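Reader: Hi! I have a new structure open and would love some help reading it. Could we go through it together?

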Amino acid sequence: MSCLITMSQKELHRLELIQKIRDERLSVVQAAERLDLSRSQVHRLLQAYDRDGPAGLVPGSDRVRATGATARSFAMRRWIWFANAILISVRRWRARS
């Protein structure tokens, strides 16, 4: 499944360093220093990259927009929240009348 992922400069820099780690041109310790993260955080980024590809480096709320099925469910949840908010407003309005 192909999808469009929007990444910030910071996320693109992380992707570049993660790819260098995978190509064995950079160590985890060096990447942690460059990213100002701990080694365990870099390992988590590596796991996310292995699991989800580049979308794994995008924070959770942005990742929702990066995948098709999840984006549809996110839009559906947003629509349900909106409908519930209107329903609550209508009930309050009727109660005042």
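Reader: To start, what percentage of the residues in the chain are buried?
Author: Happy to help! Buried residues account for 25% of the 97 residues in the chain. Keep in mind that this is a predicted model.

Reader: Okay, so what is its mean pLDDT?
Author: The chain has a mean pLDDT of 79, and 77% of its residues reach 70 or more.

Reader: And where is confidence lowest, and where is it highest?
Author: Confidence is lowest in helix H4, residues 60–66, with a mean of 53. It is highest in H2, at 95.

Reader: How many helices and strands are there?
Author: There are five helices and zero strands. Reading from the N terminus, the order is α-α-α-α-α.

Reader: Which residues have the most contacts inside the largest nonpolar core?
Author: Those are Ile 18, Ile 21, Val 42, Leu 46 and Leu 57, in a core of 16 residues. Helix H1 (9–22), helix H2 (28–35) and helix H3 (39–52) each give two or more residues to this core.

Reader: Let me zoom in on Ile 21. What does it touch, leaving out residues up to four places away in sequence?
Author: Ile 21 touches Leu 26, Ser 27, Val 28, Ala 31, Val 42 and Leu 46. Val 42 and Leu 46 are also among the core residues with the most contacts.

Reader: Switching to the outside: which residues make the nonpolar surface patch?
Author: Met 76, Trp 79, Ile 80, Trp 81, Phe 82, Ile 86 and Val 90 make a patch of about 760 Å². As for the whole chain, it exposes about 7500 Å², with carbon and sulfur atoms supplying 54% of that.

Reader: Where is Trp 79, and why does it count as exposed?
Author: Trp 79 is in helix H5, residues 68–96. It counts as exposed because its relative accessible area is 54%, and the cut-off for exposed is over 50%.

Reader: Last one, Thr 6. Is it buried or exposed?
Author: Thr 6 is exposed, at 66% relative accessibility. You can find Thr 6 in the segment before H1.

Reader: What is Thr 6 in contact with, apart from neighbours within four places in sequence?
Author: Thr 6 is in contact with Glu 11 and Val 58. Try finding Ala 55 as well: its C-alpha atom is 9.0 Å from that of Thr 6, though the two are 49 residues apart along the chain.

Terms used. Residues numbered from 1 in each chain as written. Predicted model: local features only at pLDDT ≥ 70, side-chain atom pairs only at ≥ 80, totals over all residues. Heavy atoms only, no water. Core = buried A, V, L, I, M, F, W, Y, C linked by side-chain atoms within 4.5 Å. Buried < 20%, exposed > 50% of the residue type's maximum accessible area, 1.4 Å probe, protein only. Helix = DSSP H or I, 4+ residues; strand = E, 2+ residues; numbered from the N terminus. Contact = heavy atoms within 4.5 Å. pLDDT = per-residue confidence, 0-100. Areas by Shrake-Rupley, 256 points an atom, 1.4 Å probe, with all protein chains shown as cover. Patch = residues over 30% accessible without salt bridge, like charges linked within 9 Å, V, L, I, M, F, W, Y side chains within 5 Å. Salt bridge = Lys/Arg side-chain N within 4 Å of Asp/Glu carboxyl O.
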